[in-house]
Amino acid sequence: MILHVDMDAFYASVEERDNPELVGKPVIVGGSAEGRGVVCAANYVARQYGVHSAMPAVTARRLCPHGVFLPVRMEHYARVSREIREIFDRFTPLVEPLSLDEAFLDVTGSEGLYGPSAEIARRIKREVRDQVRLVASVGVAPNKFLAKIASDLEKPDGFVVVDPAGVGEFLDRLPVGRLWGVGKVSGKAYQKLGIATIGQLRRLPVETLESHFGKSGRHFWQLAHGIDDRRVVPDREAKSISHETTFAQDIADLAILRTWLLELTEQVARRLRQHQWVGQTVQLKIRFADFRTVTRRRTLDEPTNITEEIWQAAVKLLDRGATGNPESGFRGRGGAVRLLGVGVSGLENESGRQGLLFDEGRRQKLQKLDEVTDRIRERFGMSSLHRAAKIQKRNQ
């Protein structure tokens, strides 16, 4: 059985935990409302005012003028995330982190030691609450797709178990929009077909779905039948390191997307350095509002875990490779962006890296910059230091 553990309003919840006076107030974590700042997280009180992640901070301020706006403390959240990860590791070595605040766990082999998967999930929720003083929502199911849906159904503080024998019954009542890949465009197509629930979709022949949605039709058909054969891949087996984020509302502003891309790049590079890995191929993933997904890759001259080198490659892919015109934005290529991700593959141990003779002095300076940046942020928080590229984007 697979668990999907998702921390509730993670960044904002950490801030509330650290400062109990914030409890009950609308807490919004992100960039400055005076610049091009973006909301990274909002607690459930702030969400009642329409505030959500990926929203421009100036819009959040307009919707919730009395909200408590706090800067991002990414390194602090990373430390808390490591505490949570230590709890996961007590129950299974098969942990696949998706970001700082969510992960898949395969506990199939742990049931002999710790009891049924549902009991393991309850223990994890309890230990996270008792030891880290935060709340997690957990879904328990036969595969990743079902576990992720389950963890989201009863947020906050959710706990949903999907019986392997009752997958159809579990999915039947859910809206078709719960399927991965169903967005506004395909959702309207389902409306024309008279399909509102996953149960109704499942009764259609796969050929009918393929005729309307092409290759995606079979994907929808499989998910509607609860089929997902992806396994949980722990870090030590990973062939790539990546981070991605799905925006609560689609974004067409290229400057805001660059800011998010730098945030994701910093997380990927930091994770590579933590594992003492380097990689040679940078990958960009963009999913548009119509759910068309674009993936672009750029192979570097040599493997790296240097933030600046990964960032330069990623932003070129964003500005040129995916849009064709860095000034035109995304509206001409399928609308605004729903999901953005960056990754590095071709991993190898850092100690085996061979340097470039004529560029090594510059790379050593960049490595030193990363080391100093990591130390400063570890001590004083993510907001204590910003890269010039990020400052520039925020001031545009």
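**A walk through the predicted model**

The protein's secondary structure adds up to 16 helices and 13 strands, taken as DSSP runs numbered from the N terminus (helices H or I, at least four residues; strands E, at least two). This is a predicted model, where local features need pLDDT of at least 70 and side-chain atom pairs count only at pLDDT 80 or more, while totals for chains, interfaces and linings use all residues. Residues are numbered from 1 along each chain as its sequence is written, and side-chain values use heavy atoms, leaving out hydrogens and water.

Q: What percentage of the 396 residues counts as buried?
A: Buried here means under 20% relative accessible area, with exposed over 50% and partly exposed in between (1.4 Å probe, protein chains only). Across the 396 residues of the protein, the buried portion is 52%.

Q: What is the strand order in the open sheet of five strands?
A: Two strands pair if DSSP finds at least two bridges between them. The edge places, with pairing on one side only, go to S5 (95-99) and S8 (159-161). The pairing in this open sheet is mixed, and the order is S5-S6-S1-S7-S8.

Q: Which residue in S6 stands opposite Pro 97?
A: S5 and S6 (residues 102-106) run antiparallel and are joined by four bridges. Opposite Pro 97 in S6 you'll find Ala 103.

Q: Which helix packs on the sheet, touching S1, S6, S7 and S8?
A: Contact means heavy atoms within 4.5 Å. Angles run from 0 to 180 degrees between N-to-C directions, using axes fitted to C-alpha atoms (for helices, over the stretch in contact). The helix spans residues 117-132 and its direction makes about 170° with that of S7 (136-141); this is H6.

Q: Which residue of S4 is the bridge partner of Val 29?
A: Val 29 sits in S2 (residues 27-30), pointing one way with Val 27 while Ile 28 and Gly 30 point the other way, and all are buried. S2 pairs in the parallel sense with S4 (residues 68-70) over three bridges. In S4, Val 29 has as its partner Leu 70.

Q: Which residue in S3 stands opposite Ile 28?
A: S2 also has S3 (residues 39-42), running antiparallel and joined by three bridges. Across from Ile 28 in S3 is Ala 42.

Q: How many disulfides does a search of the whole structure find?
A: A disulfide is counted as a pair of cysteine sulfur atoms within 2.5 Å. Cys 40 counts as buried because its relative accessibility is 18%, and Cys 64 is buried at 0%. The search of the whole structure comes back with a disulfide count of zero.

Q: Which residues do ring pairs link into a cluster?
A: Rings of Phe, Tyr and Trp (its six-membered ring) pair if their centres lie within 6.5 Å; planes under 30 degrees apart are stacked, over 60 edge-to-face and the rest tilted. The structure holds seven aromatic pairs. The cluster linked by ring pairs is made of Phe 10, Tyr 11 and Tyr 77.

Q: How far is the charged end of Arg 61 from the centre of the ring of Phe 69?
A: A charge sits over a ring if NZ of Lys or CZ of Arg is within 6 Å of the ring centre and within 35 degrees of the ring normal. Arg 47 does this with Tyr 44, 4.3 Å from the ring centre. For Arg 61 over Phe 69, the distance is 4.0 Å.

Q: What is the relative accessible area of Phe 220?
A: Phe 220 lies in H12 (residues 215-224). Not counting residues up to four places away in sequence, Phe 220 touches residues including Leu 179, Trp 180, Tyr 190 and Phe 213. Phe 220 is buried, and its relative accessible area is 3%.
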